[in-house]
Amino acid sequence: MLIRRPPDLVPSDITPQEVYARRREFIKAAGGLALGAGLGLDALPAAAQGKATTMKLFGVKESPLSTGEKKNSRQEITEYNNFYEFGTDKADPAQFAHTLVTRPWTVAVEGAVNKPRVFDIDELMKLAPLEERIYRMRCVEGWSMVIPWVGYPLAELIRRVEPTGNAKYIEYDTLADPRQMPGVRSRVLDWPYVEGLRLDEAMHPLTLLCVGLYGETLPNQCGAPVRVVVPWKYGFKSGKSIVRIRFVEKEPRTAWNKAAPREYGFYSNVNPDVDHPRWSQATERRIGEFSKRKTTLFNGYADQVARLYAGMDLKKSF
Ligand SMILES: Nc1nc2c(c(=O)[nH]1)N[C@H]1C(S)=C(S)[C@@H](COP(=O)(O)O)O[C@H]1N2
Ligand SMILES: [Mo]
């Protein structure tokens, strides 16, 4: 899914206001550290100067919906990423995503709902009990990982805004701010990164509004402060750092579908029998392993989700 490498962010691209906002965030994030009043930015700990920090999440429950498969390490999950807003190399997000300002942050929920609302991130984090969900994740490029996400079903949020009869789909947008996201200056995609789901897919108990990883808040490169996670679909449906959720009547045009409609359909269900036009999808490489594994229908979640697609031709609706 790669085209070319965007220029790196230079310090002069960051406005003083952002520096200020980030500094406030770091001070908050630094929490227990004794930060004396009047302490200059230069004197802040390294983690607070530019490298984004994560915080422990409390009261996270285990979920029976987790897989028992061996988890990938935190290092594997945070150093091999797709987040084109920060560059197209797998190592770019870990290197550049610290410039993302994740507080303050809001998510606007709008469109065909009775109760449209703008949620503040702190409100969103507390909307429903947090669960650890260890999911298999499969990228369309042919690799997979097992990732201990933290979040709650997206359905919890959907219920609160009361979709109307016209709400057939949702679309969700990622932030697209070239000042914070160097990759947005290159035209690899038509920004913002938009993804979508049919309403019943969005309401499915496996679909997560995800706010954490390995018991902590999300690292920036993984989609802080809030992302969607849909484990039976290719990874690109799991949009990161979302700022808007819109309820709509028609199937949304998504970023990857617009970029290459023959290669990336709306459904994007993991399916070993439907090849990508340029490569087979029959096998995958689990990050950290040498030999390949067989890819399974709906990424192994067929028992839970196959009924959503009863009667559909998955070769046509790919
Ligand atoms: N905003 C945004 N979301 C995104 C992407 C992206 O480039 N931008 N990449 C997608 C792809 S292709 C994958 S495989 C997953 C990767 O998630 P991870 O890096 O947390 O494993 O994020 C998805 N969400
Ligand atoms: Mo992906």
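How many cavities of 30 Å³ or more does the structure hold? Hi everyone, that is where I'd like to start today. The answer is 3. Please keep in mind that we are looking at a predicted model.

Let me take the largest cavity, which has a volume of about 420 Å³. Its lining is made up of 26 residues, and the ones closest to the centre are Asn82, Trp143, Arg227, Gly235 and Lys240. If you have the structure open, those five are good places to click. Two elements each give two or more residues to this lining: strand E4, residues 131-138, and strand E5, residues 143-153. Which of them gives the most? That would be E5, with 4 residues. As for the chemistry of the lining of the largest cavity, I count 16 nonpolar residues, 6 polar and 4 charged.

Now, on to the aromatic rings. There are 10 aromatic pairs in the model. Take Tyr84 and Trp256: their ring centres are 5.7 Å apart and their planes meet at 70 degrees, so this pair is edge-to-face. It brings together distant parts of the chain, since Tyr84 is in the loop between helix H3 (74-79) and helix H4 (92-96), while Trp256 is in helix H8 (residues 255-259), 172 residues apart. Are these two residues buried or exposed? Tyr84 has 6% relative accessibility, so it counts as buried. Trp256, with a relative accessible area of 8%, is buried too.

A second pair is Phe236 with Tyr264. Here the ring centres are 5.4 Å apart and the planes are at 75 degrees, so we again call the pair edge-to-face. This one also links distant parts of the chain, 28 residues apart: Phe236 comes from the loop between strand E10 (227-229) and strand E11 (242-248), and Tyr264 from the loop between H8 and strand E12 (283-286). Both Phe236 and Tyr264 are buried.

There is a cluster to look at as well. Ring pairs join Tyr169, Phe266, Tyr267, Phe298 and Tyr309. One of its members, Phe266, has a charged neighbour: Lys237 lies over the face of that ring, 4.2 Å from the ring centre.

And where does the charged end of Lys56 sit? Over the ring of Phe58, at 5.6 Å from its centre.

To wrap up, I'd suggest two places to look on your screens: the lining of the largest cavity, with its 26 residues, and the ring cluster that includes Phe266 and Tyr267. Thanks for listening!

How values were computed
Residues numbered from 1 in each chain as written. Chains lettered and ligands numbered in written order. Predicted model: local features only at pLDDT ≥ 70, side-chain atom pairs only at ≥ 80, totals over all residues. Heavy atoms only, no water. Phe/Tyr/Trp six-rings, centres within 6.5 Å; stacked < 30°, edge-to-face > 60°. Buried < 20%, exposed > 50% of the residue type's maximum accessible area, 1.4 Å probe, protein only. Lys NZ or Arg CZ within 6 Å of the ring centre and 35° of its normal. 1 Å grid on protein atoms, 1.4 Å probe; cavity = no way out; pocket = protein on both sides within 12 Å on 5 of 7 lines; lining within 4 Å. Points joined across faces, edges and corners; volume = space filled by probe spheres on them. Nonpolar A, V, L, I, M, F, W, Y, C, P; charged D, E, K, R; others polar.
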